[in-house]
Amino acid sequence: MQDAKSVAGRERTAFIELSGISKTFSARDRKSTLAVDGVDLQIGTSEFVSLLGPSGCGKSTLLSMIAGLIQPTAGEVRIDGKPIMAPYTNAGIVFQSDLLLDWRTVIGNVLIQFEMRGLKTEPHRERARALVRSVGLGDFEQKFPWELSGGMRQRVAICRALIHDPPLLLMDEPFGALDALTRAQLQIDLQTIWQTTRKTVVFVTHSIEEAVFLSDRVIVMTPRPGRIRDTIHINLPRPRGLDVRAHPAFTEVLHCVNHLFQDMGVIRA
Amino acid sequence: MEKLKDFYAYFCAVGLAAVVALCAFPASAADKATLRLDWVNSGYHAIWYYGLDKGIFQKAGIDLEVLEGKGSAVTAQTVGNGSVTFGTADTAAVMGFIAQGMPIKVVSGYLRQSALAIVFPAEKGWKRFADMGDAKIGYSPGGASSQILPALIKQAGLEGKVQLISMEPAAKMTSILTHRVDGIDSFGFLVVSILEGQGFKAATLPYANEGVNIPGLSLIASDNTIKKSPDLVRRMAMAMNESIVAARHDPEGAIDSLMKRSPTLNRPVVLRTLTLSFDLINPDWGKGKPLGWMSPDVMEKSQDILMKYGGIVKKVSVADYFTNDFVSKN
Amino acid sequence: MYARIYALLWTVGSFAIVFAIWQTVVWLFAMPQYLLPGPGPVFVSLAKNSAAILSQTWWTAATILAGFILAAAFAIPLAMVIVISPLLERLVYPPMVATQSIPKIALAPLFIVWFGFGVVPKVAVAFLIAFFPIVIDTIVGLRSIDPAMLQLARSMGAPPHRIFRKIRLPYALPAIFGGLKVASSLAVVGALTGEFVGSDKGLGYMLVQASGNLNTALLFATLVVLSALAMAFFYLIEMLERIAIPWHASQRQHPH
């Protein structure tokens, strides 16, 4: 079935479409909070998009709405043309906390993606092992989460998000809890994964550098109530190595975003 | 495989034989009965075990199971609700329950003299209640005597002088041994022997000498049992009294029977308790009457005392408390 | 291997020190036997009456076990129900907390009259005392899960019952075992209380008999056996915990 848009110019159909999304949280005893206000956003297939903004700007809320874990107060979320009314199970989610189960091995944790759906895990075991090997944890398959470092645990979480080969990857500050070195390494690893698999990625972060390094597009959000302040296209060539930070275009984007934040009062010079 | 079959067949044969043999045993002709004592095993309970060992109950056609108890109140209540056939309990406590409507009765007296007494170090030399002066006396609230004691203190003119100190039953003996109190209110025959076992010479001020002689332990049964199985009740009362007589003639043997059931008891102490308890079996008013006979007159007076001191609130017919139908063969 | 022997020696040593202090106090204050017997007389009594004490120990042990198992069997499902259904929580929780404040010692004599002198009232008291901590700790354990974990599970398409079984329940096990360990010592207290108030069997009965006859050495000897029993039970639960949740931080060797 071909809709008008794709017939007209063979444009990429928006894989994710947010129209007029608002979210108000009401507490019984306190006043209600407007977290997200009138967001319109389209994300194309295989795009790597970052949501960048200060704490409390609603970026995590937005991500949860895309995932179908929260319902918007106004507006509509569509993924692949279908409206999202319930948790969207064809995505892989990675949170800031790895949320690995201490009583399961690395492989066990990865395979839980299938168990939770009531599916058998045996057919997928080899793929899980390959995936775990691909992130450098081949020797740690049978280890338990407490035997791994923070960075290793987060890698397992990423494997868990990829094992069922979802077209969409949703990541909420996945490297926020890691040290700078591990963080840098994982950013590079994530880039590699994305380049190999070409999944659509929506990435939430408050690190300008991280957003610019990883993304095709950076969506800059205002403080609460969260609105889209600006969209910045990142035209840096890929693969982006560590030295990309020296690239003039990188610095330029950095200055641009910093300026935006200063404008919004997020950073006060 | 063959061996297994053989074994199986053999097993079945033996099993069958056992079942047949058991069925072949005639059902015991004896009546099953349970007796709940007033407390855990002590010297005076030896009469029961002696009676069992000497076959007295068996001869009377009673398959008796003796169970230790936890106070007259609980024993009376469990006889009343039918969970045991018989019980031994303090008569004053039993009368209080009967007046409240509990369907039980005394079917035979046992320690018909009151055992209640103030126990004190012998060297104090007290002869009457009035001799106590401003002593500290340990007592247990809720015990058999806790309502009568304050009244007796008043009667002796010691109100405001004697101090009554409340304590757990178990603490009474150590309190007197450590001289924390000058005397304790308890069962004389029981406590004197235990204190003697600790090298402590004790003497008693019996309530009986102050005019309060309510009978002590008695054999009780529920009204239901009396109505349905009068013959069993008679045989039980007669067997109990026969055991008492037998034990008096052979206290050492009686204690042997007791020690078999409770090997942790101190033999000389429990022997002394038993012999002291014999003094309470035959009161003056029982002369010429069968063992275990209860005097209507004494029971009437006892009710008056209990009513006066609050143990009984509503007066009932004295015949409600006891029956002498079972203490003799006719 | 040597580490174990070493630990054992430490345990033996600490007990030896306790006994030495005990004996010194007795000697120093010339304590009479009926007030505080020295360790010597206590162990003589223990040896002399070992058969009697041992036969009573089985009764108490059975009562404790029965009361504890019943408490766990009722408490854990009740806690699950409370956590899952807010309506049932509002119905069940307040009366449960209210009845907890009733001292079971007060109820025990009533149980004796209602249920007789047998095993039922003692198991009932042990059950009632052990029940509450298990419920509370299980509720805490089930509720202590990171909400993000539940979000993750939902995004994996898991129905609520599967989330409960595969994630919430294992997460709650450490807390549940905490409650079970507390309940194990309370079950001992409960069984003892029941035996004090009405029994002709068990270690509680032995204690009543010993104190009533001023046999303080036997009293202490019974107490020694009683604490050994309680300890054994506690360590049994700990062993079960080790098997059930080897993955939990409390069970692992601490890194240096």
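Student: In this predicted model, how should I read the open sheet in chain A, and what is the order of its strands?

Tutor: The general approach is to follow the strands by their neighbours in the sheet. In this predicted model, the open sheet of chain A has six strands in the order E6-E7-E8-E3-E9-E10, and their pairing is mixed. Two of them, strand E6 (91–94) and strand E10 (228–233) of chain A, are the edge strands, as each pairs on one side only. From one strand to the next, the twist averages 15°.

Student: Which strand pairs with E10(A), and in which sense, parallel or antiparallel?

Tutor: Two strands count as paired if at least two bridges are found between them. Here E10(A) pairs with strand E9 (residues 217–221) of chain A in the antiparallel sense, over five bridges. To find the register on screen, begin with Met221(A), which stands opposite Ile228(A) in E10(A).

Student: Turning to chain C, how many helices and strands are there?

Tutor: A count of elements gives the first outline of a chain. Chain C has ten helices and zero strands; read from the N terminus, its elements run α-α-α-α-α-α-α-α-α-α. The C-alpha trace of chain C spans about 75 × 55 × 30 Å along its principal axes. Chain C is divided into domain 1 (1–30) and domain 2 (36–251), with 29 Å between the C-alpha centres of these two domains.

Student: What share of chain C is buried, and what share of its contacts join residues at least 24 apart?

Tutor: Burial and sequence separation are two separate readings. For burial, 39% of the 256 residues of chain C count as buried. For separation, one takes the contacts in chain C between residues at least 6 apart in sequence; 79% of these join residues at least 24 apart.

Student: Which residues touch the most other members of the largest nonpolar core?

Tutor: In soluble globular proteins, nonpolar side chains tend to be buried together. In this model the largest nonpolar core holds 158 residues, and those touching the most other members are Ile220(B), Ala130(C) and Ala187(C). Helix H6 (residues 119–143) of chain C gives the most to this core, namely 15 residues. Ala187(C) is a useful residue to inspect. With its neighbours within four places in sequence left aside, Ala187(C) is in contact with Ile64(C), Gly67(C), Phe68(C), Ala71(C), Ala126(C), Ile129(C) and Ala130(C). There is also a second, separate core, of 80 residues, which includes Val49(A), Tyr88(A), Met116(A) and Ala128(A).

Student: How should I read the interfaces, and which pair of chains shares the most contacts?

Tutor: The size of an interface is often given as the accessible area lost when the parts come together. Here the reading is by contacts instead. Two pairs of chains are in contact, and chains B and C share the most contacts. That interface takes 21 residues from chain C and 22 residues from chain B. On the side of chain C that touches chain B, helix H5 (104–115) and helix H9 (203–212) of chain C each supply at least two residues, and H9(C) gives the most, with five. By class, this side of chain C has twelve nonpolar, eight polar and one charged residues.

Student: How many residues of chain C are in contact with chain A, and how do they divide by class?

Tutor: The reading follows the same steps. Between these chains, 17 residues of chain C are in contact with 18 residues of chain A. Helix H7 (147–155) and helix H8 (160–197) of chain C are the elements that give two or more residues to the side of chain C that touches chain A. H7(C) gives the most to that side, with seven residues. The residues of this side divide into eight nonpolar, four polar and five charged.

Student: How far apart are the closest C-alpha atoms of chain A and chain B?

Tutor: The closest C-alpha atoms of chain A and chain B lie 42 Å apart, and no contact joins these chains.

Student: Where do the domains of chain B lie in its sequence, and what joins them?

Tutor: A domain may be built from separate segments of a chain. In chain B, domain 1 is 31–113 + 214–320, and domain 2 is 116–210. The C-alpha centres of these domains of chain B lie 24 Å apart. Contacts involve 18 residues of domain 1 and twelve residues of domain 2 of chain B. On the domain 1 side, helix H5 (91–99) and helix H12 (267–278) of chain B each supply at least two residues, and the largest share, six residues, comes from H12(B).

Note on methods. Residues are numbered from 1 along each chain as its sequence is written. Chains are lettered from A and ligands numbered from 1 in the order in which they are written. This is a predicted model: local features need pLDDT of at least 70, side-chain atom pairs count only at pLDDT 80 or more; totals for chains, interfaces and linings use all residues. Helices (H or I, at least four residues) and strands (E, at least two) are DSSP runs, numbered from the N terminus. Axes are lines fitted to C-alpha atoms, for helices over the stretch in contact, and angles run from 0 to 180 degrees between N-to-C directions. Domain bounds come from an automatic or database domain assignment. A residue is buried if 20 or more other C-beta atoms lie within 10 Å of its own, exposed if 12 or fewer, and partly exposed in between; C-beta atoms are placed from the backbone. Two residues are in contact if their C-beta atoms, placed from the backbone, lie within 7 Å. Ala, Val, Leu, Ile, Met, Phe, Trp, Tyr, Cys and Pro count as nonpolar, Asp, Glu, Lys and Arg as charged, and the others, Gly among them, as polar. A nonpolar core is a set of buried Ala, Val, Leu, Ile, Met, Phe, Trp, Tyr and Cys residues joined through C-beta atoms within 7 Å.
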